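Biologist: Pick one part of this model and walk me through it closely, side chains included. Then tell me how far I can trust the rest.

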Amino acid sequence: MSIVNLLHTLLFLASVALAARVEVNWEVGHVIVNRDGHITRRAVGVNGHLPIPPVYATVGDTLLLKVCNKLDVPTTVHAHGIFQNGTNYLDGAGMVTQCGIPPGANFTYEYYLHQTGTFWLHGHYNHQNTDGLRTPLVILDRDKTQLPMQYDDEMLISMEDWYPTEFLERMKEVLNPNVPFPPPTTFPYGLINGIDGNITQTITFEPGKRYRIRLINIGSTEWYKFSIPGHKLNVIEADGIYSEPLEVDGLNLGPGQRYSVVVQALDTDEYNYIFNATLYANFVPHIPGLNPRYYTGLVQYKKGASIKSIERSSDEELVWLNDINLRSFEQYPAMPVSRTYNTAAGSKKYSDKLTRAILYKEPYLSPPIIPTLYTAISTGDLALNDTIYGPQTGALVIREGEVIEIEMQNPTEIDHAMHLHGHVFQVTEYGPAGNSSEVNAPPAKVMTYDGWPMRRDTFVVPAFHYIKVRFLADNPGVWMFHCHMDIHFALGLAVTFVEAPDVLQKTQTIPDAMKDMCLRQGLKVMGNGAGNNGFDLAGLPPVPT
């Protein structure tokens, strides 16, 4: 054995020896909370509390998330950004990769953590994440010497929107055919690290040190804008993927997006500073005090020091991150495209007077009668045919090893945050779409990657823009691609990629415990999207017309 191979073997054995089994127990149930300082309401919490504490582990660990469902409806948990290579059945997408955990039942998600970075855990059944079932997941590096930048310490800032009513109540308004669409705007409040953004906790800097700040938007609808006046932010991570350092003044984070920035503390503790976290949405009216909502927190160099007065710059004067300017730290080249799916964010009013969202051909509506993954595994050669999954899933069958390009047009005045399970995209191009002159906005410019395109799992396609992204079909399974603005997702802005079902059938088996959860609820575990044989899809809801 060569010296190099011997060293690699010793390093591998050392990492295995250091790996731990991290156990986290979640009793998921309803709680009554006042999180924003304004509204007391019912929410979905864990172990009788909100917020849910962040989960920390180290690469190589096994995370055991033990869920006990105390709700009166099913629940699931999705580890957002975790690839689930070989364990697609643990992806947590309700009725896509599993049946819900029934009320009163227990289930353990066993995650093998081969990735590092900033992720999050959230409910993925009936949009329970919007009502509180969400928290950051941080997977630490074992070897910190090979990072894009070195730093002395790190901290986490999670940001979320919080609505005064439960998600299903808001959806009743959206789906009321007797109410004009869209219904009147509801303005959420902002939470920072799980509490009222107006009482944000202090972050502490020591002069001369470097800090990694993990930023994450675990909200359901609105965006956050983050900056620390008087300091530069060096972006080194987007969605669990390291980038070459890029210096900016601030960042915008859509729902589901994460960044790490390294901040060089100043050399003196003469003054304290503030950080800005602004909650906003470009698709609802601009009303002072409601949209945007401005939140600030203290950056403390010395207790009792005065706060440095910095004249507020306009956004146009600052350098804001555009993710296409990030370059992959691993210098992974742009992949040649095998085929392209042309998608578009749109909506249509149907004969039942309801407006639904469309991404590809039909809106993603009520889920299938059995999880789509179970259809892919149980239907043999038929699994290679899109039709077998039912029209409501928007199933797109792709082959192992293909490089799939998605070109998504957004000719509307609403930004969309799009997430793909089980993969990361290469972001390769932005450009103009639609007629932005209708809202007095200048036409978008065409922007392309430089060098090595950045990879991430959640991208934003801005209003009146298109985007081109690519991903490699190297993870057989059934993976959702959907808008992470939950109202849009619920209205149908989603499709399902069924990846290499022929390979999937040979390499993965649904655990009996997961089948039992279906059978307990009278749900089937074999057959097409309707739970029938062949192309008999009787029993599925009709496609809207």
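Modeller: Let's start at alanine 500, in the loop between S33 and helix H5 (501–507). This is a predicted model, so treat every value as a property of those coordinates. Alanine 500 has a positive phi of about 50 degrees although it isn't a glycine. That's worth a second look, because most residues other than glycine have a negative phi. Is alanine 500 buried or exposed? With a relative accessible area of 1%, alanine 500 is buried, because anything under 20% goes into that class.

Now step back into S33, the strand covering residues 494–499. S33 pairs with S24 in the parallel sense, over 4 bridges. One contact to click on is leucine 396, whose bridge partner in S33 is phenylalanine 497. Keep phenylalanine 497 on screen; we'll come back to its ring.

What sheet does S33 belong to? An open one of 5 strands, in the order S24-S33-S32-S26-S30, with mixed pairing. Strand S24 (395–398) and strand S30 (458–461) are the edges, each pairing on one side only. On average, neighbouring strands in this sheet are turned by 20 degrees against each other, direction ignored.

Back to the rings. There are 14 aromatic pairs in the structure. In one of them, phenylalanine 471 and phenylalanine 497 meet edge-to-face, at 5.3 Å centre to centre with 70 degrees between the planes. Phenylalanine 471 sits in strand S31 (residues 465–472) and phenylalanine 497 in strand S33, so this pair ties together parts that are 26 residues apart in sequence. Phenylalanine 471 is buried, and phenylalanine 497 is too.

Phenylalanine 497 also pairs with phenylalanine 481, this time tilted: 6.3 Å centre to centre and 40 degrees between the planes. Here the link runs between strand S32 (residues 477–483), which holds phenylalanine 481, and strand S33, with the two residues 16 apart. The 6.3 Å value counts as a pair because the cut-off is 6.5 Å between centres. As for solvent, phenylalanine 481 is at 1% relative accessibility and counts as buried, while phenylalanine 497 is buried at 2%. Zoom out a bit and you find one aromatic cluster made of Tyr341, Tyr360, Phe425, Phe459, Phe471, Phe481 and Phe497. Phenylalanine 497, then, has a backbone partner in leucine 396 and a ring that belongs to this cluster.

For the rest of the model, begin with another positive phi. Glutamine 331 has a phi near 55 degrees and isn't a glycine either. Glutamine 331 is found in the loop between strand S20 (293–300) and strand S21 (339–344). Unlike the buried alanine 500, glutamine 331 counts as partly exposed, at 40% relative accessibility.

There are some cation-over-ring geometries to check as well. The charged end of arginine 455 sits over the ring of tyrosine 332, 5.1 Å from its centre. Arginine 293 does likewise with tyrosine 189, at 4.0 Å from the ring centre.

Strand S20 also turns up in an open sheet of 5 strands, ordered S12-S20-S19-S14-S17, again with mixed pairing. Its edges are strand S12 (203–204) and strand S17 (250–253), each pairing on one side only. Inside that sheet, strand S14 (residues 223–227) and strand S19 (residues 273–280) run antiparallel over 5 bridges. Lysine 225 stands opposite threonine 278 in S19.

If you set up torsion restraints, watch the cis peptides. The bond from leucine 50 to proline 51 is cis, with omega near 0 degrees, and proline 51 lies in the loop between strand S2 (41–46) and strand S3 (55–58). The bond from phenylalanine 181 to proline 182 is also cis, with omega near -5 degrees. Proline 182 falls in the loop between helix H2 (167–174) and strand S10 (189–192).

And trust? The chain's mean pLDDT is 93, with 96% of its residues reaching 70 or more. The stretch to set aside is residues 1–14, where pLDDT stays under 50 and the model has 2 contacts beyond four places in sequence. Where pLDDT is low, predicted coordinates shouldn't be read in detail.

Key. Residues numbered from 1 in each chain as written. Predicted model: local features only at pLDDT ≥ 70, side-chain atom pairs only at ≥ 80, totals over all residues. Heavy atoms only, no water. Pairing = 2+ DSSP bridges. Axes fitted to C-alpha atoms, helices over the stretch in contact; angles between N-to-C directions. Phe/Tyr/Trp six-rings, centres within 6.5 Å; stacked < 30°, edge-to-face > 60°. Buried < 20%, exposed > 50% of the residue type's maximum accessible area, 1.4 Å probe, protein only. Lys NZ or Arg CZ within 6 Å of the ring centre and 35° of its normal. pLDDT = per-residue confidence, 0-100. Contact = heavy atoms within 4.5 Å.
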